[in-house]
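Colleague: I am new to this structure and would like to learn how to read its features one at a time. Could we start with a single residue and then widen the view?

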Amino acid sequence: MLHAATEAQADKGRRWSRRDTREAILECAEELLQRRGYGGFAYQHIAVQLGIRNAAIHYHFPAKEDLGVALVRRYRERFAQWVAALPAQLDAWSRLQAYFSTYRAYLAERKSSDDCLLCPGGALAAEFCTLPEPMRLEIRLLMRDVQDWLCATLEQGRRDGELHFEGDALDKAVEIGAALQGGLQIARMSGAARFYRLLDQLALELNPLRVEAAGGSLP
């Protein structure tokens with residue numbers, strides 16, 4: 001019986017080890033994707049960084065397409081968790097600023113002035129036409145999730161008098177998303193200051209009184 005208990009504990013340890021390895025692979029692949037793009041890394045890059053064999057990666061993700069799909073689904077899950085964690089009392093302006101802060105975090109992860117992380121949508125959109133169809137489906141769902149949230153936030157903000165913009169809220173959401181994605185790419189070439197000015201400009205267009213009260217620039 002003791003032997004059986006020992007074996008059960010060993011099996012549990014192996015399961016945890018496999019789960020930890022899978023998570024480490026995803027973490028490593030996520031950074032490589034946002035720095036190099038999907039086509040810019042291979043399993044060998046992950047294996048070298050983690051000090052494991054390629055076979056360990058293939059155990060969890062038999063093909064790179066499987067890894068890609070898992071990454072995008074992970075992005076979707078994290079976005080949903082981020083939305084759910086926002087305090088219910090936050091107004092639309094504050095929620096929008098919280099969303100902008102997630103992009104500031106990508107800049108904070110830069111290893112050099114021209115090596116900031118791209119957002120997942122921007123990194124994947126650049127290679128969309130060459131990606132496997134299962135990945136393309138997940139990317140479209142990710143884009144839908146973000147745009148739906150942005151659209152609802154913008155609509156509520158306009159109803160409450162906190163945000164000001166012309167036209168359809170979905171069109172404005174698409175504009176904001178495109179500006180943020182492109183802004184990170186520009187930051188790689190022109191520096192982080194250029195991206196921060198983009199954020200100030202977006203804020204100025206949406207709520208000029210709040211920006212002016214803050215002295216023309218938001219933290």
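Modeller: Let us begin with threonine 153, bearing in mind that the model is predicted. Burial is read from relative accessible area, where under 20% counts as buried; threonine 153 has a relative accessible area of 1%, and is therefore buried.

Colleague: Where does threonine 153 lie, and which residues does threonine 153 touch, not counting those up to four places away in sequence?

Modeller: Threonine 153 lies in helix H7, and, with residues up to four places away in sequence not counted, it touches Ala92, Arg95 and Leu163.

Colleague: Which residues have the most contacts inside the largest nonpolar core?

Modeller: The largest nonpolar core has 59 residues, and those with the most contacts inside it are Ile46, Leu67, Tyr99, Leu154 and Leu180. At least two residues of this core come from each of several helices, including H1 (2-36), H5 (92-108), H7 (133-159) and H8 (169-190). The core also draws at least three residues from each of domain 1 (9-62) and domain 2 (71-219).

Colleague: What is leucine 154 in contact with, leaving aside its neighbours within four places in sequence?

Modeller: Leaving those neighbours aside, the contacts of leucine 154 include Leu96, Leu163, Phe165 and Ile176.

Colleague: How do the axes of H5 and H8 cross?

Modeller: A pair of helices is read from the angle between their axes, and angles under 35 degrees count as roughly parallel. The axes of H5 and H8 come within 11 Å and cross at roughly 15°, so the two helices are roughly parallel to each other, and their crossing is right-handed. Where they meet, H5 contributes Tyr99, Phe100, Tyr103, Tyr106 and Leu107, while H8 contributes Ile176, Leu180, Gln181, Leu184 and Ala187.

Conventions: Residues numbered from 1 in each chain as written. Predicted model: local features only at pLDDT ≥ 70, side-chain atom pairs only at ≥ 80, totals over all residues. Heavy atoms only, no water. Core = buried A, V, L, I, M, F, W, Y, C linked by side-chain atoms within 4.5 Å. Buried < 20%, exposed > 50% of the residue type's maximum accessible area, 1.4 Å probe, protein only. Helix = DSSP H or I, 4+ residues; strand = E, 2+ residues; numbered from the N terminus. Domains from an automatic or database assignment. Contact = heavy atoms within 4.5 Å. Axes fitted to C-alpha atoms, helices over the stretch in contact; angles between N-to-C directions. Parallel < 35°, antiparallel > 145°, perpendicular 65-115°, else oblique. Left-handed = near helix turned anticlockwise from the far one by under 90°.
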